[in-house]
Amino acid sequence: MRINSAVQAAIDLTAGAAGGTACVVTGQPFDTAKVKMQTFPDLYKGIVDCFVKTYKQVGFRGFYKGTTPALVANIAENSVLFMCYGFCQQIVRRIVGVDRKTKLSDLQNAAAGSFASAFATLVLCPTELVKCRLQAMHEMQLSGKIIQGHNTVWSVVKGVIQKDGPLGFYRGLSSTLLREVPGYFFFFGGYELSRTFFASGRSKDELGPIPLLLSGGFGGSCLWIAVYPVDCVKSRIQVLSMAGKQTGFMGTFVTVVRTEGVLALYSGLKPTMIRAFLANGALFLAYEYSRKLMMQQIDSY
């Protein structure tokens, strides 16, 4: 049975939402540590020190600051990402001149994922800005950069609107695009290459949960290794702009390298890599199985 484009898009969107939820539930504490270490590298000696200090100062709930916007961000991003991924795969097929049912190569899938990420960025940037600010709010107060912090999603949203207007939610958009577009080339490329390796000549659709988890983890690791310095700059722009006007991507990048050295761009890499493997493994496992389940339900009618 051939599924029409609208139904296929709805399936991809729903499966992407399931994957985004699994990603946040699995990786949120490590994401919080990443943002704290990126924006205030002098406060933490490493991942263990960050976890211990966060627990002592704020308690266990400190690891889940920004979970609501993180859920919104990941569900929105992955819904749009995987929906557009399907469309972009069709565009790639047209460009290379093959039939719409032809399986794309791993490189062609990587290109389709890269194109799709540009659309996902538009929904990701505002929610990620709120998430990052909530995660680093305690450090902003501790460093004296702000007098009074915002402890809820609504208070952060209201603060952005009052200070910068609706466009304030798009602070860090250029650095988010610089991270997403090349990053998702490596993300989907790494995932598809890994699935090809595990399939060993069989259909990729026959892979079990363990190969899918490992393939997703590998894809996520490829993404973050490739674009981590860009993400570090993005986090600083989005968090430190709370205290006043923050320079753009190049200005922030040059300032960090000049005053703190190149290694400062890799602050928080360890929790990021742990999170990347676990969270993206869960993301792709949830995406593939929920998508397969929905496709089977449609085919049964």
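Q: In this predicted model, how is the expected span of a helix found, and what span would a straight helix of 32 residues have?
A: The expected span of a helix is 1.5 Å times one less than its number of residues. Helix α8 spans only 40 Å between its end C-alpha atoms. A straight helix of 32 residues, by contrast, would span 46 Å.

Q: Where does α8 bend?
A: Let's follow the helix that falls short of its straight span of 46 Å. The proline Pro229 is a handy landmark, as it follows within four residues of the bend. The angle there is about 70°, and the residue at the bend is Val227.

Q: At which residue does the kink in α1 lie?
A: Helix α1 covers residues 5–39 and spans only 43 Å between its end C-alpha atoms, while a straight helix of 35 residues would span 51 Å. Its kink is about 65° and comes shortly before the proline Pro29. The residue to look for is Gly27.

Q: How many residues of α1 and of α8 are buried?
A: Buried here means under 20% relative accessible area. Helix α8 is mostly covered, with 25 of its 32 residues buried. Helix α1 is mostly covered too, and its buried count, out of 35 residues, is 25.

Q: Which element gives the largest share of the largest nonpolar core?
A: This core has 29 residues, and those with the most contacts inside it are Leu81, Phe82, Phe188 and Phe284. Helices α1, α3, α4, α7, α8 and α10 each supply at least two of its residues. The largest share is seven residues, and it comes from α3.

Q: What is the volume of the largest cavity, and which residues are the closest to its centre?
A: The structure holds one cavity of 30 Å³ or more. The largest cavity has a volume of about 270 Å³. Of the 22 residues that line it, the closest to its centre are Asn74, Glu77, Glu128, Trp224 and Arg275.

Q: How many residues of the lining of the largest cavity are charged?
A: Several helices meet at this lining: α1, α3 (67–96), α4 (106–135), α7 (173–199), α8 (209–240) and α10 (269–300) each supply at least two residues. By class, the lining has 10 nonpolar and four polar residues. The charged residues number eight.

Q: Which residues are the closest to the centre of the largest pocket?
A: About 1,300 Å³ of space lies in this pocket. It is lined by 38 residues, and the elements that give two or more of them are α1, α3, α7 and α10. By class, the lining has 14 nonpolar, nine polar and 15 charged residues. The closest to the centre are Gln8, Gln89, Arg93, Lys103 and Arg291.

Q: Is Arg61 buried or exposed?
A: Look for Arg61 in the loop between α2 (47–58) and α3. A residue counts as exposed when its relative accessible area is over 50%. Arg61 has 55% relative accessibility, so this residue is exposed.

Q: How far apart in space are Arg61 and Leu293, C-alpha to C-alpha?
A: Along the sequence, Arg61 and Leu293 are 232 residues apart. In space, their C-alpha separation is 34 Å.

Q: Which residue in the loop between α7 and α8 has a positive phi although it is not a glycine?
A: The phi in question is about 50°. The residue lies in the loop between α7 and α8 and has a relative accessible area of 61%, so it is exposed. Its name is Ser200.

Key: Residues numbered from 1 in each chain as written. Predicted model: local features only at pLDDT ≥ 70, side-chain atom pairs only at ≥ 80, totals over all residues. Heavy atoms only, no water. Bend = angle between axes of the 7 residues up to and from the residue. Buried < 20%, exposed > 50% of the residue type's maximum accessible area, 1.4 Å probe, protein only. 1 Å grid on protein atoms, 1.4 Å probe; cavity = no way out; pocket = protein on both sides within 12 Å on 5 of 7 lines; lining within 4 Å. Points joined across faces, edges and corners; volume = space filled by probe spheres on them. Nonpolar A, V, L, I, M, F, W, Y, C, P; charged D, E, K, R; others polar. Core = buried A, V, L, I, M, F, W, Y, C linked by side-chain atoms within 4.5 Å.
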